[in-house]
Amino acid sequence: MKIINRLSFQFKVILIGILLFQMQTGFSQEEKSSELYKTIMSKDSLLFNIGFNTCDVKQFENLYTEDFEFYHDKDSISDKARFLKTFKSGICSPTRKYNYRRELIDGSTEIYPLYKNGILYGAIQMGTHRFYESSAGNAEQAGSFAKFTHLWLLKNKDWKLARSLSYNHQMTSSTAGIENLFDNNQETEKWLKQNNIPALGLGIITDGKLKQIKTFGKLKREVSAPYNTIWNVASLTKPVTAIVALKLVSQGKWNLDEPLNKYWIDPDIAKDPNHKLLTTRIILSHQTGFPNWRSFNESKKLDFKFKPGTQYQYSGEGFEYLRRALEKKFHKSLDQLASELVFEPLKMTDSQLIWNDKVDLSRYAINYDKDGNAYETTKNKTANAADDLLTTIEDYGRFLSSIMNSEGLSKKVFDDMISHQVQTKKNKYFGLGFEIYDLGNENYALSHGGADQGVQTIFILLPKTKQGLIIFTNVDDGYKIYENIVVHYLGENGRKIVDIETK
């Protein structure tokens, strides 16, 4: 117990040191042609290509410092003696049934020098590696992959491994072969070109907060997408409208189950008694009976396809109906309500429901079809409750973090929001404004997607683990890269979501 406590303390010190190191700008990553890079890579080869892959234990004994420490996210903490004992009696046991091989992922290695008073004393090596296993008479199978961080120290003119961190272990899945994507910009850009994705924006939420923003690709020729790219996110507008309504409910100013005919009746359905059944709850859970949109043919009127509240039918018309009711009740436009209740409190300064002078066109992600042809940009002058929100990864990440942390929502309203209002397929439901995936063991995900001409967007929230993922693309078929990204960042939960969608 004493050794574990001591190592746990030292591990925290190491992590803090590495984080501080990564924040420094004094020394940059080593070029592949440098002597230090070549030296560390030769040591890596001795350690794994010979030591691990052939079970040559002497390589570990010679390359480790006497106070070597190993930290593994699945198998606790080890000092040198424990590691060697486990290695000999485990994967390198004479009676083992399987042989194991480690492969370093090309392009994943980063090496940084460590100096003291201008004198080189160590190096940090970071990378991603994959493991394979084989048995007599059977072909080699890909196993897990993981990230690693090594602290190498120069001891008496010889390089020794002092600390090893092995983490983010995941089983090989449909992302096999691209494990270093999203962490290796060059590989990610190459992958996006292969899939004809002009630009990609990613937001990673951890511990209930937006922790990473990543953008790849170009807005147009020779103009790289900046971290604060402005995107049209299509139907990701709907959760904003939903939260506007739910915050008003939490404040006691609006009622989920009050008939909306008190405030608004669409002339097309005024003579249909079904309009008296429309409520905010029914609209937010897509049970209005309306089609998604009424026909663009002016002679086609809005009508009910079924009795409200009896089944599911995704409908943008429903959200527009709610917008008109809210605007009549509060004598404010939806963009005013959204600004007061969502954008301003969360400091979402790059988000708006209408085009105005605040939109920085130089940062806007132009929309494309799958063949690379640009669509003409539509600049709407009135707010649509269901579509065309302009925002950034940072702004929308703040919005989603506030939802995950139930900011501005009463417990009763939040519980209603995440409850299964209507089932849409096996293990998938609509709550109030959000799709809900049932992941088993009381775990669930909140999600919503967006799709328009040249727009494919989605987000996923995991409230139990306080994780989240935002994916923005600016092309008709951007959805085709979702699976790899979702599984990469959300692991087993991501795979469950993909399985629900594809089965």
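Where in the chain does S285 lie? In this predicted model, S285 is found in the loop that runs between α7 (280-284) and α8 (316-330). The relative accessibility of S285 is 0%, so this serine counts as buried, the cut-off being under 20%. Two polar contacts of its side chain can be described. One reaches the backbone oxygen of I282 at 3.4 Å, and the other joins the side chain of S285 to that of Q287 at 2.8 Å. Leaving aside residues up to four places away in sequence, S285 touches Y312, Q421, V422, F430 and G431.

Turning to the cysteines, how many disulfides does a search of the whole structure find? The search returns 1 disulfide, and its partners are C55 and C92, with an S to S distance of 1.9 Å. This bond links distant parts of the chain, as the two cysteines are 37 residues apart. C55 sits in the loop between α2 (35-52) and α3 (57-63), while C92 belongs to the loop between α4 (80-89) and β3 (99-104). For readers who like torsions, the value about the S-S bond of C55 and C92 is about -85 degrees, and the disulfide is therefore left-handed. Is each partner buried or partly exposed? C55 has a relative accessible area of 21% and is partly exposed, whereas C92, with 10%, is buried. With the limit for buried set at under 20%, the 21% of C55 places this cysteine in the partly exposed class.

A hairpin comes next. Strand β1 (residues 64-72) pairs with strand β2 (residues 77-79) in the antiparallel sense, over 3 bridges. Within this pairing, Y71 of the hairpin stands opposite I77 in β2. The two strands have 4 residues between them, and S76 in the turn adopts a positive phi of about 65 degrees.

The last element to consider is helix α4, the helix that precedes the loop of C92. Which residues of α4 are buried? They are K80, F83, L84 and F87. Viewed down the helix axis, the buried residues of α4 fall within an arc of 95 degrees, and so they line one face of the helix. The face turned away from that buried side carries A81, K85 and S89, which are exposed. As for what covers the buried residues of α4, the list includes α2 and α3 together with both strands of the hairpin, β1 and β2. The hairpin strands described above thus reappear here among the elements that cover the buried side of α4.

Notes
Residues numbered from 1 in each chain as written. Predicted model: local features only at pLDDT ≥ 70, side-chain atom pairs only at ≥ 80, totals over all residues. Heavy atoms only, no water. Buried < 20%, exposed > 50% of the residue type's maximum accessible area, 1.4 Å probe, protein only. Polar contact = N/O pair within 3.5 Å; in protein donor to acceptor, adjacent residues only side chain to side chain. Contact = heavy atoms within 4.5 Å. Pairing = 2+ DSSP bridges. Disulfide = S-S within 2.5 Å. Arc of directions from axis to C-beta.
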